[in-house]
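Biologist: I am new to this protein. Could you take me through its structure?
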Amino acid sequence: MTETLIQLVYLVSSVLFILSLRGLGRAETARRGMQYAMLGMALAVLATLANEQIVSYEWILIGLIVGAVMGYPMGMWVPMTAMPQRIAFSHAFGALAATLVGIGEYISAAKHGGMATISAGKMTALGLEVLFGALTVTGSLMAFGKLQGILPGRPLTYPHQNTTNLVLFGLGLSCFVYLIWVPEAQWVFWLMVLIAFMIGILMVVPIGGADMPVVIALLNSYAGLAAAATGFALNNNILIIAGALDGASGFVLALVMSKAMNRSFGNVLFGAFGSAEVAAAAVGGGGGKSGTMVAINAEDAAMRLAYAQKVVIVPGYGMAVSQAQHQVRELVELIEKRGVEVRFAIHPVAGRMPGHMNVLLAEAGVPYDKLLEMDEVNPKFPETDVALVIGANDVVNPAARTNSASPIYGMPILNVHEAKSILVLKRGTGAGFSGVENDLFIDPKTSMLFGDAKDSLGHLIVEVKAA
Ligand code: NAP
């Protein structure tokens, strides 16, 4: 009876996970999506705790306390701008759990003399669990290190890197296949674990920091596959379903992000090889025009906004850093009262994680219908009186279209340069995430309001009120 009930609760949890993914697809329903996910996970954990095979709850309790003590601060206090590395860190833990379960299962089979009889199916599941799990642990830690600035963000390369990785991968795969036929070969098992840990490191270090979000999404997918394999090894349906959903959604997210940067998977994963040219291009990498930026004061900038007919706001990473979203909403309300039509242009990789701008603007209460995606807003720039760029750089860099030597060449951009006039809020002449120059800032149509975005918006609000 208990077993049937557990399976029923697992079924409800699975439905909630699917509804959650569906909800997360749109900004309006994302919050509800997260609530479904939390409820589904809570039910799944409770149902698992009711399993009759559990012999002692002490270690589970200790695990719950340690997990909560680590998880709460990570969820509550890590700033949104550091979310990619936080997610990478979480993946490392999830994958470590899957790897340790796999290793534990193998050791337990060895101890109880069941090695020779371990079925090919079970060994396949265990092998996949450990392979995907171990490479995700070290890969995620490398991604975390790069984004946190602990490791150099630039691609780290050495001669014959491609070949070394391929040989290592082949060796790991051979160990895996061998173990399916000869599961009692314990040294092969440990060799496979070691190789998987090494693959994780060697796979991620040659990838540049700018591509880390795609890598993290891909590692998310691997962690999901490891979890699904754990489900097969432990005969646990919810792990299989949740792992498969995680694996598939992580993969789709990685594809979507690659597309937004106009990069192929192969380019992201192996693009760093022969990176000397990439590094050289990154030093300049802009459109190569010469000119100077023209600074403007808050009063003049406010006049332009107050007397415009159509304004498009382009938020970027700088808005997130200065937490200026509430001032943005206040400014929008003020100029809208004066009859200005305001829209937001949202680039899919603006900020540091997918949906970063949507989340911040939603938090400030900006209505969703004002947010236009890139394809929808780009045709509107030629008829826009003022494009107000708030802490965005790479996503508005025309070099992505015009300079084939630029590291961001091919990345789709917001066509801000087509607006009638451009107003940029940033602190100084700093480059964007990719480190390349941006000719938009020296365009004769562009005026720069230097300063922290939140302060500059504060001044603009005062001046618009006085206008
Ligand atoms: P960006 O290229 O990183 O540029 C941000 C700009 O904001 C900088 O030029 C900086 O200039 C300015 N800034 C920083 N702090 C500021 C502050 N307090 N007030 C005002 N301005 C400030 O940003 P983006 O245009 O949003 O482009 C995102 C980049 O991140 C892309 O290259 C994308 O590929 C990459 N990326 C995206 C994701 C994702 O999933 N969204 C994840 C990781 C990486 P100053 O220093 O002069 O102020």
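Modeller: The following turns cover the domains, the nonpolar cores and a pair of strands. Please keep in mind that this is a predicted model.

Biologist: Which domains is the protein divided into?

Modeller: There are domain 1 (1-58), domain 2 (81-270) and domain 3 (291-466). The centres of domain 1 and domain 3, taken over C-alpha atoms, are separated by 41 Å.

Biologist: Which residues touch the most other members of the largest nonpolar core?

Modeller: Val-314, Phe-381 and Val-416 do, in a core of 109 residues. Helix α5 (residues 120-148) supplies the largest share of this core, with 10 residues.

Biologist: And where does this core lie with respect to domain 2 and domain 3?

Modeller: It lies between them, because domain 2 (81-270) and domain 3 (291-466) both contribute residues. Another core, of 6 residues, lies apart from it and includes Ile-6, Phe-17, Ala-44 and Ala-47.

Biologist: Back to Phe-381: what is it in contact with, leaving aside neighbours within four places in sequence?

Modeller: Among its contacts are Val-312, Val-314, Ala-345, Leu-414 and Val-416. Glu-418 and Lys-420 are also in contact with Phe-381.

Biologist: Now the strands. In which sense do β5 and β6 pair, parallel or antiparallel?

Modeller: Strand β5 (residues 421-426) pairs with β6 in the parallel sense, over 5 bridges. Ile-422 stands opposite Thr-446 in β6.

Biologist: Why is β6 described as largely enclosed by the rest of the structure?

Modeller: Strand β6 spans residues 446-450, and 4 of its 5 residues are buried, so the rest of the structure largely encloses it.

Technical notes:
Residues are numbered from 1 along each chain as its sequence is written. This is a predicted model: local features need pLDDT of at least 70, side-chain atom pairs count only at pLDDT 80 or more; totals for chains, interfaces and linings use all residues. Side-chain values use heavy atoms; hydrogens and water are left out. Buried means under 20% relative accessible area, exposed over 50%, partly exposed in between (1.4 Å probe, protein chains only). Helices (H or I, at least four residues) and strands (E, at least two) are DSSP runs, numbered from the N terminus. Two strands pair if DSSP finds at least two bridges between them. A nonpolar core is a set of buried Ala, Val, Leu, Ile, Met, Phe, Trp, Tyr and Cys residues joined through side-chain atoms within 4.5 Å. Domain bounds come from an automatic or database domain assignment. Contact means heavy atoms within 4.5 Å.
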